[in-house]
Every structure is written in C-alpha cells, then in structure tokens.
Amino acid sequence: MARAIHDHSSSAGRRDLLPLAPQFLDTARPGFEPSARLVALCVSTALTTGEITGDEQRRLAAAHQTAMHLLGAEEHAAGAARWWLRALGHRSEAFYRTFVATEQAAEAVAVAARTANDVRLKSLLKLCLAAQLKPTYSS
C-alpha cells in the first residue's frame, strides 16, 4: 500500500512521504486482521472518489466484503475468497496477506489516486500507518 501511494504521488509528493518511511519498519503483523483493515481502509477511500468504472466497483466491493468478513463483520466472504479461504486452509492467511490484500490495496490506491492530490495520498498513508499500529487484542 505504501509503495502504491508512493508510485502515484508526484516527485514533490514522494519527497514529502520520505519522513514517514521509518514509521513503517516492523509494522508487518501476522493474521488476517491487519491486512484486512488496510484493504478496507483503502477500498473505502477509493469508493468515495466518484471516478470508478463498473469493473472496478465490482472488484473493490468484493475486496471490501472479503476484508469485512475477515474482520468478523460479514458472515460470508465474497468472490474468489469463497473458495481459496477453504481450499488453502492454514496457508490462507499468508496467501491473503502476501497476494490478495496487496493487489486489492494497490488497485484501491490507483483508483483513489485518479482524483487525489499528494496531500490526500499522504493523508491516506498516515491513516494506513495508524491502522497498522492499532493494537490487536486477543481473548
């Protein structure tokens, strides 16, 4: 997600992002929740841009539904997640975090970037950083 925001920023915007880079060190967390939280945040931002195609709308809605399912807010996963969550079993968390969430967040950032300026992209990056640092409680 940070890489996608960097890639969609202007040269000046990229320089403004540099001070945030050290804050992302050691923010990777195991489990579905951290990745799903970032996907939900990026997708929610993208869906409010107003400039979204029908295909993007469907993919992002499915990504949001899957993220919400993984966060415990939706009963059923959407789209391809219906099969890969079951089929991959214990490996599904790594698959989601490494491949699915990465692609979904990158697409959401690309959609949001079409109407966002550097200030909005930096704001999204800060929101994602704050969401990633949010403590996870286990019972």
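Q: What makes a run of residues a helix or a strand in this predicted model?
A: A helix is a DSSP run of H or I with at least four residues, and a strand is a run of E with at least two. Under this definition the protein has seven helices and zero strands. From the N terminus on, the order of elements is α-α-α-α-α-α-α.

Q: Why is Ser 9 called buried?
A: Buried means under 20% relative accessible area. Ser 9 has 6% relative accessibility and therefore counts as buried. Ser 9 belongs to the loop between α1 (2-8) and α2 (11-17).

Q: What makes the approach of the Ser 9 side chain to the backbone oxygen of Ile 5 a polar contact?
A: The pair must lie within 3.5 Å, with one atom able to donate a hydrogen and the other able to accept it. The side chain of Ser 9 reaches the backbone oxygen of Ile 5 at 2.8 Å.

Q: Which residues does Ser 9 touch, not counting those up to four places away in sequence?
A: Contact requires heavy atoms within 4.5 Å. With that exclusion, Ser 9 touches Arg 14, Leu 17, Asp 118 and Leu 121.

Q: How do you know whether the radius of gyration of the protein agrees or disagrees with that of a compact globule?
A: For 139 residues, a compact globule would have a value near 14 Å; the protein has 15 Å, so the two agree. The C-alpha trace spans about 45 × 35 × 20 Å along its principal axes. Of the 139 residues, 36% count as buried.

How values were computed. Residues numbered from 1 in each chain as written. Predicted model: local features only at pLDDT ≥ 70, side-chain atom pairs only at ≥ 80, totals over all residues. Heavy atoms only, no water. Buried < 20%, exposed > 50% of the residue type's maximum accessible area, 1.4 Å probe, protein only. Rg over C-alpha atoms; globule rule 2.2 N^0.38 Å.
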